[in-house]
Amino acid sequence: MRVAVAGGTGLVGRYVVEELVAAGREPVVLSRSRGVDLVAGSAGLDAALDGVDAVVDVSNVTTTSARKSVAFFDAVGRNLLDAGERAGVRHHVVLSIVGIDRVGLGYYRGKLRQEDVVRGGPVPWTVLRATQFHEFAEQTLDRVPGPFAVVPRMRTQPIAAREVARQLVTLATGPAQGMAPDLAGPRVEQLVDMVRRLLRARGERRLVVPVRMPGAVGAAMTGDGQLPVADAADAPGARGGQTFDEWLARHVVRGGRSSGRPSVRGG
Ligand SMILES: NC(=O)c1ccc[n+]([C@@H]2O[C@H](COP(=O)([O-])OP(=O)(O)OC[C@H]3O[C@@H](n4cnc5c(N)ncnc54)[C@H](OP(=O)(O)O)[C@@H]3O)[C@@H](O)[C@H]2O)c1
């Protein structure tokens, strides 16, 4: 079974590729660095999807702008689905985020558009909404270098990116199921606290500056806006097992960034 991974060179995408190989599937990586621009819909996309049974979309744009986010996820979704239909792809799986309909962040407007495009598209689909990755603490910290670490106040129930990847592979190799149960980690955490623990584990000194986002967005982020909905708790596969502290102990080394991430592979 051939499975295309849109964004297969990214943080979670590399784990998806690795989990596909471990499951005996053949991954096909779609990314600009592999010659496929999913926004432009380059010609290489049709060729890359030849013989592909399922697509897992874990592509991403790093932005806080609603306009840029919507433009990216709209274009990527439509291009992947149109090319998928032409290639006879049977299942389109998208990684989304828990709470995008409850927290009014600009980036989330794009994720909502991505879900809408998939829902209205020509290929049978599954959307998996996951909470923030444990690695999100690193992404937050490393995107803005300098002596201060400005971190939004936010409650989250983080999960290891590898566990999200494993669930995406399980979903991609099964039948389309529409909205899958929300996927979250085992414990509720404060992002500010996660970043402080990450800095300590790395042996790095930076002043953490917590910032509460204004208005309704801040209220939702500091409340339960990004926590999984209660009725998902009992669904199979709805909880990851690795805590943030376990992840820190396994992946983060003093004086460096997290280790143990897979290198880029796949055709
Ligand atoms: N981070 C979190 O905590 C979290 C939590 C839940 C869900 N998610 C979702 O997970 C997804 C992946 O996030 P991530 O943090 O793993 O992403 P990431 O590390 O930023 O990787 C983005 C990937 O997208 C590819 N890409 C970007 N622009 C492209 C384009 N125009 N054409 C083709 N490929 C393109 C990149 O490859 P090239 O640069 O080579 O093109 C890369 O492989 C996102 O949709 C995000 O919303 C993230």
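A polar contact is taken here as a pair of N or O atoms within 3.5 Å. In the predicted model, a backbone N or O atom of Phe133 meets this criterion, lying 2.9 Å from an oxygen atom of the ligand. The side chain of Tyr107 provides a further pair, with one of its N or O atoms 2.6 Å from a ligand oxygen. A nitrogen atom of the ligand is in turn placed 2.9 Å from a polar backbone atom of Leu38. Of the accessible area of 910 Å² that the ligand has on its own, 89% is covered by the protein.

The surroundings of the ligand comprise 29 residues, of which Thr9, Arg32, Ser33, Tyr107 and Lys111 come nearest. Sorted by class, this shell contains 14 nonpolar, 12 polar and three charged residues. At least two shell residues are supplied by each of helix H1 (11–22), helix H3 (66–87), strand S4 (91–97), helix H4 (106–119) and helix H5 (136–143). Strand S4 gives the largest share, namely three residues.

The nonpolar interior was examined next. In soluble globular proteins, nonpolar side chains tend to be buried together. The largest nonpolar core of the model consists of 50 residues. Within this core, the most contacts are made by Leu30, Leu38, Leu45, Leu49, Leu80 and Val195. When residues up to four places away in sequence are not counted, Leu30 touches Ala4, Val5, Ala6, Gly7 and Gly8, as well as Val36, Leu38, Leu45, Ala48, Leu49 and Leu80. Separate from this assembly is a second core of 27 residues, which includes Tyr15, Val56, Leu95 and Ala180. Leu38 thus belongs to the residues with the most contacts inside the largest core, while a polar atom of the Leu38 backbone is paired with the ligand nitrogen.

Individual positions in the helices were then considered. Val164 lies in helix H6, which spans residues 161–172. Its relative accessible area is 0%, and Val164 is therefore classed as buried, the limit being under 20%. Beyond the neighbours up to four places away in sequence, Val164 touches Val12, Leu95, Leu128, Ala130, Phe133, Ile159 and Leu183. Among these partners of Val164 is Phe133, the residue whose backbone is paired with a ligand oxygen; Leu95, another partner, is included in the second core. Val164 and Arg129 are 35 residues apart in sequence, with a C-alpha to C-alpha distance of 9.6 Å.

Leu11 is found in helix H1. With a relative accessible area of 19%, Leu11 counts as buried because the value falls under 20%. The C-alpha atoms of Leu11 and Thr243 are 18 Å apart in space, and the two residues are 232 apart in sequence.

Leu112, located in helix H4, has a relative accessibility of 28% and is consequently partly exposed. Leaving out residues up to four places away in sequence, Leu112 touches Ile100, Asp101 and Arg129. A C-alpha separation of 38 Å is found between Leu112 and Gly255, which are 143 residues apart along the chain.

Phe244 lies in helix H9 (residues 244–251) and is buried, at 1% relative accessibility. Apart from neighbours within four places in sequence, Phe244 is in contact with His134, Ala137, Glu189, Met194 and Arg197. Phe244 and Gly174 are 70 residues apart in sequence, and their C-alpha atoms are 29 Å apart.

Technical notes:
Residues numbered from 1 in each chain as written. Predicted model: local features only at pLDDT ≥ 70, side-chain atom pairs only at ≥ 80, totals over all residues. Heavy atoms only, no water. Core = buried A, V, L, I, M, F, W, Y, C linked by side-chain atoms within 4.5 Å. Buried < 20%, exposed > 50% of the residue type's maximum accessible area, 1.4 Å probe, protein only. Contact = heavy atoms within 4.5 Å. Near = heavy atom within 4 Å. Polar contact = N/O pair within 3.5 Å; in protein donor to acceptor, adjacent residues only side chain to side chain. Areas by Shrake-Rupley, 256 points an atom, 1.4 Å probe, with all protein chains shown as cover. Helix = DSSP H or I, 4+ residues; strand = E, 2+ residues; numbered from the N terminus. Nonpolar A, V, L, I, M, F, W, Y, C, P; charged D, E, K, R; others polar.
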